[in-house]
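Please walk me through this structure. Start with one residue, then widen the view to the chains and the core.

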Amino acid sequence: MARFFDIVIHLLVLVLLPPLVLGIVNKTKAWFGGRVGPPLTQVYSDVFKLMRKDLTLSRTTTWVFLMGPAVSLTTVLLAGLLIPFGMHAAPVSFTGDVILAAYLLALGRFFTASAALDTGSSFEGMGAAREVTFSSFAEPALFLGFAVLARLTESLSLSHMLAAPTSTGSVASIGIIALLVVAWFAVLLSENSRIPVDDPNTHLELTMIHEVMVLDHSGPAFGMIVYSAAVKLFVMSVLVVDLIVPKTGLGSPFDWLVFLVAMAAIGIAIGIVESSIARLRMVTVPKLLVSACLLAAFGASLLLR
Amino acid sequence: MTSLTLVLAAILLLACSGLPSLVFSRVSDTGQRWSFGITLAATSIGAVGAVLTFANDATPELNVPWAVPGGAFHVTLDGLSAAFLVSVFLLSALGALYGLSYWAQAEHPENGVRLRFFYGLMTSAMALLLIARNGLLFLTAWEIMALSGFFLIATEHEKKDVQEAGWVYLVATHLSSLLLFGFFAIYFAITGTLELKPFSEQPAFGALLFLIAVAGFGIKAGLFPLHVWLPSAHANAPSHVSALFSGVVIKMGVYGVMRVCWLFPHPPLWWGSLLVALGVVSGVLGVAFALGQHDIKRLLAYHSIENIGIIFMGFGLAMVGRSLGQPALVALGMAGAVLHVWNHGLFKALLFLAAGAVIHATHTRDIERLGGLSKRMPHTALMFLIGAVAICGLPPLNGFISELFVYIGLFRAYALDARSWPLAPFTAAALALIGGLAVACFVKVYGIVFLGEPRTEIAESGSECSPSMAVPMRLLAGLCFLIGLAPVVVVAFMDRATTDWQFAHHDLTPSLFEIAPILPLMAAGSVVAGGTAVVFFMLWRARKRGTTTYTGTWDCGYIAPAARMQYTASSFAQMLVNLFGWALRPHTSKVHFEGYWPKTNVFRSHVPETVLDQLVVPLFRRTADVFSLVRVMQQGRAQLYLVYIVAALLVLLATV
């Protein structure tokens with residue numbers, strides 16, 4: 001019964017809360033900038049407004065253009081079903097689900113980038129090129145992290161890999177987890193087009209990655225993109241949060257509370273990073289990601305006897 | 001026995017499949033249809049034979065004396081051979097069907113007959129070498145395959161590019177044969193026989209045999225530094241021949257390495273590590289080179305090098321499992337490798353056939369001149385897209401399944417099984433990098449060729465391909481979906497191939513069902529496909545509403561957008577090509593603008609065949625220089641050679 005409730009809560013959190021985390025990020029940034037900023041619920045309003053609008057489509061595009069939002073929405077939600085939220089096992093889990101989760105996100109990327117090229121615009125081509133370039137350097141960091149967790153927990157399923165390391169950890173493993181947190185935080189920022197990699201608030205040429213890829217989308221299609229971007233940020237933040245949050249031992253409701261507080265905290269953390277760091281030059285982004293890979297690789301080597 | 005009889009009958013029929021073309025008129029398609037009929041019959045019989053092998057546990061064998069010293073017509077049909085045979089038969093049939101209209105006899109009277117004759121000969125030689133268990137029989141079949149391959153690549157031998165590709169192939173393939181002759185000579189010296197059967201214990205000079213085999217078969221497989229013949233050969237052959245080359249011919253190299261490793265019961269750990277390391281190098285550099293290509297077939301050829309790398313990672317893992325005594329690693333590694341052999345055959349053939357349809361319609365292989373083809377060739381575009389998603393290893397298609405087996409095996413090797421193997425986590429990371437780069441490359445080629453606006457007039461003229469070209473593509477795409485959505489269908493085949501490869505070792509390998517998430521994967525695959533379909537359908541309905549506005553692509557307020565302003569393949573890959581510049585050595589011409597009225601400028605970027613141009617050719621030239629000193633001895637006069645012989649005899653007599 002408790003498991004049933006956890007699954008229901010998992011689904012509700014996955015579907016309803018992601019725009020709120022984005023709201024927290026934006027509020028933090030506004031606060032740092034000395035502004036009031038948009039209300040916390042701004043992203044919800046944006047998505048609702050867009051879903052009710054009509055579509056405007058470029059005559060250049062084909063059906064692939066609509067596959068972009070469709071695939072990215074489906075894949076991020078499905079990935080969200082495989083990842084445990086805090087101490088609660090994910091609704092779906094099996095040996096090797098970790099690889100499926102990562103490859104689902106890659107599938108989404110394939111179609112968003114293809115949809116961008118479908119418009120025939122050079123701006124969107126530029127965004128697509130950067131997106132796929134940076135992601136290919138983020139993947140190894142992600143997988144090295146998975147390997148480390150698999151080794152620490154002797155499991156190949158996310159629910160177990162992400163739940164156990166901190167509760168069983170020795171001092172040495174805590175050090176390794178700390179390396180992973182840093183590496184994955186860099187991956188989180190890069191994969192979700194946040195500063196220092198990309199500036200989500202502009203689509204000027206210098207920062208054209210995600211925002212410029214979706215320049216031609218409109219109405220419900222764009223609504224889906226905004227929403228799935230929020231879910232993707234949420235899901236990838238969960239990866240980092242799961243590494244940190246401890247099991248309270250006070251039962252399910254408290255674990256959920258801790259998880260939600262931690263998610264709010266990571267939203268604030270992202271906001272602080274975005275407010276205090278300048279955007280990197282495009283050519284230095286791969287260096288950031290390679291550093292993340294090296295940190296994770298260092299963790300993996302420490303575990304070799 | 002019946003299954004072996006069927007396969008032998010198929011081999012015989014395939015070898016004869018080109019003969020009707022010799023009899024019938026050169027300007028009509030009749031002979032070609034007969035050839036296709038025979039090929040279809042042969043491959044159906046053969047495929048039934050191969051699949052029957054999996055249905056029963058027996059391993060049929062036939063050993064007939066052969067009037068060649070040391071040779072015997074010894075053939076055996078075990079699970080490993082049968083797994084490769086399935087791929088050979090399927091792709092030969094589909095390639096022949098595609099060839100009916102792609103290389104119609106009436107349109108190619110000068111070389112169509114030769115193409116079909118050697119096509120049949122090559123496919124039958126491949127089938128024969130897969131079941132041969134005698135060294136001489138194997139080498140004979142190998143050489144027939146290699147030489148017919150040369151004639152197939154040189155189909156359009158009047159073109160200069162084709163001649164060059166043919167020469168490079170011929171040199172490479174004979175280097176490979178030379179190494180294999182060396183291999184069997186040493187094998188004979190050790191065992192006293194040319195019959196192939198596993199050693200009972202690790203023999204002396206085992207490492208030497210292993211290294212020679214890896215080099216010899218690695219050339220054929222296109223393993224990275226030995227791949228030099230592969231890109232130009234694939235690019236210059238007719239597309240269905242490229243599909244066959246990429247789909248099965250290079251897999252004969254993989255099969256060779258697997259068969260040789262099968263001989264050794266207790267390989268040292270470094271063998272597996274070496275194979276994995278070669279796989280990583282091939283995989284990463286293969287896809288990096290692919291990113292720099294503008295020639296669609298050359299690009300696909302480099303992806304074959306990448307996928308061979310993935311196959312070697314899987315097989316190396318199986319070898320590591322054998323050395324460490326970990327049956328689960330053997331099962332996952334072999335299943336990953338063998339299934340990837342199938343999968344790569346399916347999606348790469350699909351991609352080559354779709355690329356062939358594009359070339360047939362536009363007469364260019366240069367992707368920079370194409371664009372917007374999905375409007376004029378919707379079927380081909382869809383087929384290419386399916387192939388592209390599959391080759392990137394993305395769910396819910398087949399590439400994901402085989403890569404997942406390798407991933408799970410690597411994670412197990414590092415995390416679960418008793419002794420950890422240090423290469424494992426870094427190999428998994430390399431596989432992830434390969435996956436990411438493959439996505440970049442296929443977004444590039446699919447987007448630039450099929451999406452956006454046509455870049456030149458030739459791209460506007462494109463039209464859809466004929467049914468005999470479309471049907472093989474549909475079948476291949478269907479199979480990609482089948483394996484991706486229902487991996488359960490391949491479990492029995494992979495289990496059998498693994499057990500038969502492993503039998504020398506006697507450790508019982510677990511079934512894939514026990515160690516890989518077959519059923520959850522089926523569910524997940526269906527949910528991915530179904531969920532996407534539902535969401536897409538919702539959006540599609542929203543589009544159908546009358547209120548949808550159609551306009552031009554947003555262009556920052558610029559009033560005269562042109563197709564030439566689109567992002568190109570070079571610009572798309574530029575960042576990655578520069579990041580891998582240390583290996584690719586791209587040639588770029590800098591653009592300088594001077595003065596108030598700058599002149600027209602041209603920018604060119606090109607990734608050369610770095611290994612061939614900067615390593616192999618200088619090496620061969622240096623070698624030729626050294627040996628040119630000996631050339632003074634060779635005057636072409638009989639009396640001079642007699643003097644040499646007499647001198648040599650005298651020296652020998654004096655010393656003995």
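Which residues does S114(A) contact, leaving aside its neighbours within four places in sequence? They are V64(A), V443(B), Y446(B) and L451(B). The list includes residues of chain A and of chain B. The model is a predicted one, and the contacts are read from its coordinates.

Where does S114(A) sit? It is found in helix α5 of chain A, residues 97-118. Its relative accessibility is 0%. Buried means under 20%, so S114(A) counts as buried.

Now take chain A as a whole. It has 13 helices and one strand. From the N terminus, the order is α-α-α-β-α-α-α-α-α-α-α-α-α-α. The strand therefore follows three helices in that order. A compact globule of 305 residues would have a radius of gyration near 19 Å, and chain A agrees, with 19 Å. Along the principal axes, its C-alpha trace spans about 55 × 45 × 40 Å.

Buried residues make up 64% of the 305 in chain A. The contacts reach far along the sequence. Of those between residues at least 6 apart, 80% join residues at least 24 apart. The exposed area of chain A is about 10700 Å², and carbon and sulfur atoms supply 70% of it. Charges are matched in number: 18 positive and 18 negative side chains. The centres of these two sets lie 4 Å apart.

One peptide bond in chain A deserves a look. I195(A) and P196(A) are joined in cis, with omega about 15°. P196(A) is placed in the loop between α9 (171-191) and α10 (210-213).

Turn to chain B. Its secondary structure comes to 26 helices and five strands. Is its fold compact or extended for a chain of 656 residues? The radius of gyration is 26 Å, close to the 26 Å of the globule rule, so chain B is as compact as a globular protein of that length. Its C-alpha atoms fill a box of roughly 95 × 65 × 55 Å along the principal axes.

In chain B, 61% of the 656 residues are buried. Among contacts with a separation of 6 or more, 79% link residues 24 or more positions apart. Chain B exposes about 24900 Å², with 69% supplied by carbon and sulfur atoms. It carries 38 positive and 32 negative charges, and their mean positions are 5 Å apart.

Next comes the interior. In soluble globular proteins, nonpolar side chains tend to be buried together. The largest nonpolar core here has 346 residues. Which of its members touch the most others? They are I99(A), F110(A), F146(A), M258(B), F315(B), F442(B) and W501(B). Both chains appear in that list. Helix α13 of chain B, residues 327-362, gives the most to this core, with 25 residues.

Look at W501(B) first. Beyond its neighbours within four places in sequence, it is in contact with L80(B), M258(B), C261(B), W262(B), F315(B), A318(B), M319(B), R322(B), V330(B) and M334(B). M258(B) and F315(B), among these partners, are also named with W501(B) as members that touch the most others.

Helix α13 of chain B also holds V358(B). This valine is buried, with a relative accessible area of 1%. Its contacts outside the four nearest places in sequence are H363(B), L370(B), L373(B), M377(B), T380(B), V449(B) and F450(B). V358(B) and S463(B) are 105 residues apart in sequence, yet their C-alpha atoms are 8.5 Å apart.

One of those partners, H363(B), has a backbone feature of its own. Its phi is near 60°, a positive value in a residue other than glycine. H363(B) lies in the loop between α13 and α14 (373-376). Is this residue buried or exposed? It is exposed, with a relative accessible area of 67%.

R585(B) also has a positive phi, near 50°. It lies in the loop between α24 (581-584) and β4 (587-588) of chain B. Its relative accessible area is 44%, so R585(B) is partly exposed.

A last stop is a cis bond in chain B. P395(B) and P396(B) are joined by it, with omega about 0°. P396(B) is found in the loop between α15 (378-391) and α16 (398-415).

Key. Residues are numbered from 1 along each chain as its sequence is written. Chains are lettered from A and ligands numbered from 1 in the order in which they are written. Side-chain values use heavy atoms; hydrogens and water are left out. Helices (H or I, at least four residues) and strands (E, at least two) are DSSP runs, numbered from the N terminus. The radius of gyration is taken over C-alpha atoms; the globule rule is 2.2 Å times the number of residues to the power 0.38. Buried means under 20% relative accessible area, exposed over 50%, partly exposed in between (1.4 Å probe, protein chains only). Contact means heavy atoms within 4.5 Å. Accessible areas come from the Shrake-Rupley method with a 1.4 Å probe; for residues, only the protein chains shown count as cover. Lys and Arg count as positive and Asp and Glu as negative; His and the chain ends are not counted. The place of a charge is taken as NZ of Lys, CZ of Arg, CG of Asp or CD of Glu. A nonpolar core is a set of buried Ala, Val, Leu, Ile, Met, Phe, Trp, Tyr and Cys residues joined through side-chain atoms within 4.5 Å.
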